[in-house]
Structures are given as C-alpha cells and as structure tokens.
Amino acid sequence: MKETPLRISVQNLKKIFKIYYDKGFNLKDKILFWKRNRYEIKKVLDGVSFDVYQGEVVGLIGRNGCGKSTLLKLLSGIYSPNGGKVTINGRLSCLIELGAGFHPDMTGRENIYINASIFGLTKKEIDARLNQIIEFSELGNFIDVPIRTYSSGMYMRLAFSVAINVDADILLIDEILAVGDKKFQEKCYRHLEELKQKGVTIIIVTHDDHIIRSFCTRAIWIKDGLISYDGLTKETADKYDDYLEGKEQTIANAIRDAKGDKLNNDALGKIINIELLDENSHKNKIFSSFSSLKIKLEYQLNSQIKNPLIGIVVLDENNQELFVDSTEINPKKNEVILLLKNLPFKNGEYHINTFLNDDKECLDYHNEHIGFTIKNEKENEGAINIEHIWR
C-alpha cells in the first residue's frame with residue numbers, strides 16, 4: 001500500500017512581535033527620547049504543531065488576531081519563527097498578500113515572469129504557461145499596462161492566475177479570494193475544486209463558513225495562539241460556531257456528540273412519530289419546488305420536564321444542513337407541526353433529523369428519521385430554485 005506523502009510538518013511553532021508604544025522614527029528621536037522606546041511582547045503563536053498530508057484541504061479558522069495569517073506567513077517563509085520548526089515537502093505556491101512580489105511600475109506580463117520565477121519556474125516553463133495565465137486572468141489588453149493602474153480585483157486576478165499555474169504541490173490562500181467580482185470568484189473556486197481532485201494540498205484562511213464546510217476536508221481552530229481543535233471540518237466548525245455564540249454545551253452539541261446514534265431517555269421524553277404532509281394535509285413523500293411541506297411530530301413527555309424544545313434538521317444527499325430550527329412545546333400536548341412554505345430545493349433526495357431536549361440535555365435524537373424527494377420536470381441551474389417572474 002502506497003503511503004500518502006507528508007507535505008507540511010509544523011512542530012512547536014512560536015512567533016512573537018514587539019509592540020512599541022512610542023517608537024522613535026529617526027536618530028534624533030532615539031537620542032533625545034531614548035527612554036520612550038517602550039514595548040510589550042505579544043505572543044501570536046505559542047507552540048503550534050500539526051501535520052498536513054498530500055490531498056488534504058485544511059481550513060484555518062478563528063477570530064481576528066488569533067494567528068491564522070501569521071501561521072500562513074510562517075509556512076510560506078515570509079516570517080521566521082521565534083521557536084519551533086516548519087518543514088515543507090514539495091513546490092509551494094501562495095496567495096497571501098494582494099500583489100506580494102509584484103512591481104507596480106512593471107506591466108502585468110512582466111510581473112507574471114517575476115512572480116512565477118519566485119515560485120521556482122524557469123523562463124522556459126513560464127513561456128509555456130504564459131497564454132494560459134493571461135487567459136485565466138481575463139485582463140485582456142490590461143496585461144501590458146503598469147499594474148499600479150490595476151484595481152484590487154485586477155490584482156487578485158493576476159495573482160491567482162499565476163499561483164494556480166505553477167504546478168504546485170501545496171497552495172496557501174489567505175482571504176484574497178474575498179476580493180473581486182462574484183463571477184471570477186466562482187471561477188476560482190471551480191479551479192480550486194479541480195486542484196483538490198488532482199491531490200494538491202491546500203491550506204486556506206477564510207471567515208466564510210460555507211467555504212470551510214463545503215470545500216475543506218479538515219479544519220484547524222486557532223484560539224489565543226494555540227490549536228483549540230483539529231479535526232474533521234464539520235466537527236471543528238460546529239465547535240467554533242458554538243464558541244462564537246457563547247455556548248459551551250448546546251442542543252446542537254448534544255446532537256453532534258451522539259455522532260448519529262439515537263439518544264433516548266424514555267423516562268423523560270421521546271419522539272414517537274413523524275409524518276410528512278402536503279398542503280392538503282395528505283401523507284406524501286414526493287414534493288415539487290415551491291410547494292409546501294408540513295412536518296408533523298408526535299412526542300411524549302414526563303410531567304417533570306419544564307422547558308422542552310423540539311426541532312428538525314433538513315439535510316441533502318451529501319449531509320449538508322439546509323435548514324435547522326427548533327421551537328418550545330407544551331408538555332401537556334403531544335404533537336407539533338412545522339410548515340415549510342415554497343420549498344426552494346432542487347431535484348434530489350432529502351432526509352430529516354429530529355431532536356427533543358430539555359434545557360441543555362438531549363432527551364431523544366433520531367438520525368435520518370424520514371426522507372422525501374423533490375421532483376420537477378424542469379428546473380433552473382444553480383444551488384436552489386427561487387420562485388421568479390420575468391417582466
């Protein structure tokens with residue numbers, strides 16, 4: 001069995017910065033006001049360790065200032081560590097700072113040669129890729145004007161086009177794809193998906209939860225200069241979301257900790273039945289876009305349960321959560337109905353998870369409790385169907 005190559009190894013990595021309060025800017029200031037040169041030491045990374053193997057797509061998440069971008073710059077060699085070690089195995093390409101490595105007075109074409117040579121390509125290799133880079137950037141005649149005249153979006157187009165055409169084994173990306181128009185961003189992510197399928201190792205810093213969950217295979221949450229959690233994307237992103245919401249143990253946590261197994265305490269409460277109804281209240285499991293779906297939940301509760309909640313999660317074939325909601329219920333009753341109006345879902349199979357809890361304790365949880373199908377004769381392109389009228 002062939003062993004997966006180790007692309008990045010980070011061992012006990014540390015990085016500090018000196019933050020000056022009143023730094024002198026010239027020799028006279030330093031001589032006259034030498035006592036003012038006060039500073040504090042800020043630890044940005046304080047002993048970070050992890051390995052990344054070929055083909056992994058790792059998302060770095062955390063609040064602003066936690067050290068994500070600093071870590072990426074240490075991996076790329078822009079910064080030197082104050083302690084620890086970084087080992088890179090393979091050709092590295094990075095999109096970290098907009099226009100890094102570009103000369104403002106040179107043309108886009110000239111900067112392609114400069115930037116690609118920094119990534120280790122020879123002139124012959126750059127010549128072979130030049131037309132491909134220019135075509136992807138969509139800069140047209142602007143490729144032969146000084147890049148100081150470029151907008152931030154044009155910078156991004158050129159930088160991305162070079163970085164993805166150097167046949168890198170490792171690609172580092174830091175928020176740069178937040179710049180530029182939506183159409184080109186979508187084009188970039190489609191190409192990143194292709195690189196992912198080819199086995200390129202990618203590390204990306206982003207605050208976009210959708211990108212983390214849909215694109216990455218693994219996520220690392222950095223908090224206060226340390227790794228707070230490193231694991232599968234959904235687990236890490238869920239824990240980070242709960243942290244942002246100030247929740248140490250929530251309903252969602254109780255469900256996730258169950259890892260899909262049924263949590264059931266019959267003595268306190270349980271979900272006993274679920275039915276899917278159409279807009280005429282008839283049982284059905286086949287719906288069309290823009291129709292209404294009624295989800296009827298029947299439950300039993302012990303009289304001592306004071307604050308019960310019941311909720312549902314609608315997921316697609318890839319287990320992506322499309323809709324999550326919960327509501328307080330009356331302990332003296334035994335059923336509740338959720339009406340979903342104008343379903344925006346595309347053709348496909350969907351399933352529903354259900355949960356019942358009291359305060360922070362999950363009483364009952366059912367994974368893939370029931371499924372339904374969306375079937376349309378005709379539908380639009382895109383991720384969802386939106387009811388619309390042309391005028």
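# Exercises on a predicted model

Asp 224 is placed in the loop between strand 8 and strand 9. The structure is a predicted model, and the exercises below start from this loop residue and move on to the sheets, the hairpin and a pocket.

## Exercise 1. Two loop residues

Task: Determine what sign phi has at Asp 224, and whether the residue is buried or exposed.

Solution. Step one concerns the backbone: phi of Asp 224 is near 55°, a positive value in a residue other than glycine. Step two concerns accessibility. Exposed residues have over 50% relative accessible area; Asp 224 has 64% relative accessibility and therefore counts as exposed.

Ser 281 can be treated in the same manner. This residue is found in the loop between strand 10 and strand 11 (286-287). Its phi is near 65°, again a positive value in a residue other than glycine. Because its relative accessibility is 41%, Ser 281 counts as partly exposed.

## Exercise 2. The six-stranded sheet

Task: State in what order the six strands of the open sheet are arranged, and which of them are the edge strands.

Solution. The order is 5-6-7-3-8-9, with mixed pairing. Strand 5 (92-95) and strand 9 (226-232) are the edge strands, each of them pairing on one side only. On average, neighbouring strands of this sheet are turned by 15° against each other, direction ignored.

One pairing may be examined in detail. Strand 3 (residues 57-61) and strand 7 (residues 201-205) run parallel and are joined by four bridges. Within this pairing, Gly 59 stands opposite Ile 204 in strand 7.

Next come the helices. Helix 5 (residues 152-163) packs on the sheet, where it touches strand 5 and strand 6, and its direction makes about 165° with that of strand 5. Helix 2 (residues 68-76) lies across strand 3, strand 5, strand 6 (170-174), strand 7 and strand 8 (218-223). Helix 2 runs at about 150° to strand 6.

## Exercise 3. A residue of an edge strand

Task: Decide whether Leu 95 is buried or exposed, and find how many residues along the chain lie between the positions of Leu 95 and Leu 172.

Solution. Leu 95 lies in strand 5. The threshold for a buried residue is under 20% relative accessible area; at 2%, Leu 95 therefore counts as buried. Leu 95 and Leu 172 are 77 residues apart along the chain, and their C-alpha atoms are separated by 6.0 Å.

For the chain as a whole, buried residues make up 44% of the 391 residues. Of the contacts between residues at least 6 apart in sequence, 67% join residues at least 24 apart.

## Exercise 4. The three-stranded sheet and Val 336

Task: Describe in what order the three strands of the second open sheet discussed here are arranged, and list which residues Val 336 contacts beyond its neighbours within four places in sequence.

Solution. The order is 10-12-15, and the pairing is antiparallel. Strand 10 (269-277) and strand 15 are the edge strands. Neighbouring strands are turned by 20° against each other on average, direction ignored. Strand 12 (residues 293-301) pairs with strand 15 over six bridges, and Lys 296 has Ile 337 in strand 15 as its bridge partner.

Val 336 lies in strand 15 (residues 335-340). Leaving aside its neighbours within four places in sequence, Val 336 is in contact with Ile 295, Lys 296, Leu 297, Tyr 299, Ile 310, Thr 327 and Ile 329.

## Exercise 5. A hairpin

Task: Establish how many residues lie between strand 13 and strand 14 in their hairpin.

Solution. Strand 13 (residues 308-315) and strand 14 (residues 321-328) run antiparallel and are joined by seven bridges. Ile 312 stands opposite Asp 325 in strand 14. The hairpin has five residues between the two strands, and Asn 319 in the turn has a positive phi of about 65°.

## Exercise 6. The second largest pocket

Task: Identify which residues line the second largest pocket, and which elements give two or more of them.

Solution. The lining consists of Gln 185, Glu 186, Tyr 189, Glu 193, Asp 208, His 210, Ile 211, Ser 214 and Phe 215. Helix 6 (182-197) and helix 7 (209-215) are the elements that give two or more residues to this lining. By character, the lining residues divide into three nonpolar, three polar and three charged. The volume of the pocket is about 300 Å³.

Notes
Residues numbered from 1 in each chain as written. Predicted model: local features only at pLDDT ≥ 70, side-chain atom pairs only at ≥ 80, totals over all residues. Heavy atoms only, no water. 1 Å grid on protein atoms, 1.4 Å probe; cavity = no way out; pocket = protein on both sides within 12 Å on 5 of 7 lines; lining within 4 Å. Points joined across faces, edges and corners; volume = space filled by probe spheres on them. Nonpolar A, V, L, I, M, F, W, Y, C, P; charged D, E, K, R; others polar. Pairing = 2+ DSSP bridges. Axes fitted to C-alpha atoms, helices over the stretch in contact; angles between N-to-C directions. Contact = heavy atoms within 4.5 Å. Buried < 20%, exposed > 50% of the residue type's maximum accessible area, 1.4 Å probe, protein only.
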